[in-house]
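Please open the model in your viewer and keep the sequence beside it, so that each selection can be followed in both places. The tour moves from one selection to the next and pauses at each.

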Amino acid sequence: MRPRYSDIRSIEDLDRAIESNRDAIRHKGKVLSRRYSRIKEYYSPSALAVEGIKRFVGFLPLPEFLLRRLGRAIRRK
């Protein structure tokens, strides 16, 4: 819970508020570190290449292409 700074009346209250902020900052640091690691993995060169290939292949009429190639191969025999 975030301290209400208007309720700080003594040094002890101030120390508690400072410690609470330190804890919140540590927690946010851990969360950001985990997110950074995930983003770094997701945007790796190999992951981007695989994603690009998947998207490119999605535009190709692959079954149609394969059937044409098979038809040509059968006719040539």
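Is Glu19 buried, partly exposed or exposed? Select Glu19 in this predicted model: with a relative accessibility of 33%, Glu19 counts as partly exposed, because that class takes in the values between the 20% limit for buried and the 50% limit for exposed.

Keep Glu19 selected and add Arg22, for the two form a salt bridge in which the closest N and O atoms are 3.3 Å apart. Both residues belong to helix 1, which covers residues 11–42, and since they are three residues apart in that helix, about one helical turn separates them. Arg22 is also partly exposed, its relative accessible area being 45%.

Next, move along helix 1 to Asp23 and Arg26, which are likewise three residues apart and separated by about one helical turn. Here too there is a salt bridge, and its closest N and O atoms lie 2.8 Å apart. Asp23 is partly exposed at 38% relative accessibility, and Arg26 is partly exposed at 47%.

Now select Lys28, Lys30, Arg34, Arg35 and Arg38 together, and you will have a positive patch on the surface. To look at one of its members by itself, keep Lys30, which is found in helix 1 and is exposed, with a relative accessible area of 55%.

What kind of surface patch do Ile39, Tyr42, Tyr43 and Leu48 form? Select these four residues, and you will see a nonpolar patch whose members together have about 460 Å² of accessible area. Within this group, turn to Tyr43, which lies in the loop between helix 1 and helix 2 and which counts as exposed, at a relative accessibility of 51%.

From that loop, go on to helix 2, which covers residues 45–59, and select Glu51 and Arg55, a pair four residues apart, or about one turn of the helix. Their side chains meet in a salt bridge, with a distance of 3.0 Å from N to O. In this pair, Glu51 is partly exposed, with a relative accessible area of 29%, whereas Arg55 is exposed, with a relative accessible area of 56%. The pairs visited on this tour are among the four salt bridges counted in the model.

Finally, clear the selection and show the whole chain. How many helices and strands does the chain have? There are three helices and zero strands, and the order of the elements from the N terminus is α-α-α. The radius of gyration of the chain is 29 Å, well over the 11 Å that the globule rule gives for 77 residues, so the chain is more spread out than a compact globule. If you turn the model to look along its principal axes, the C-alpha atoms fill a box of roughly 95 × 20 × 10 Å.

With the whole chain still in view, colour the residues by accessibility: of the 77 residues, 4% count as buried. If you then display the accessible surface, its area comes to about 7700 Å², and 61% of this belongs to carbon and sulfur atoms. As a last step, colour the charged side chains, of which 20 are positive and 9 are negative, and note that the centres of these two sets lie 20 Å apart.

Note on methods: Residues numbered from 1 in each chain as written. Predicted model: local features only at pLDDT ≥ 70, side-chain atom pairs only at ≥ 80, totals over all residues. Heavy atoms only, no water. Helix = DSSP H or I, 4+ residues; strand = E, 2+ residues; numbered from the N terminus. Buried < 20%, exposed > 50% of the residue type's maximum accessible area, 1.4 Å probe, protein only. Patch = residues over 30% accessible without salt bridge, like charges linked within 9 Å, V, L, I, M, F, W, Y side chains within 5 Å. Areas by Shrake-Rupley, 256 points an atom, 1.4 Å probe, with all protein chains shown as cover. Lys, Arg positive; Asp, Glu negative; His and termini not counted. Charge placed at Lys NZ, Arg CZ, Asp CG, Glu CD. Rg over C-alpha atoms; globule rule 2.2 N^0.38 Å.
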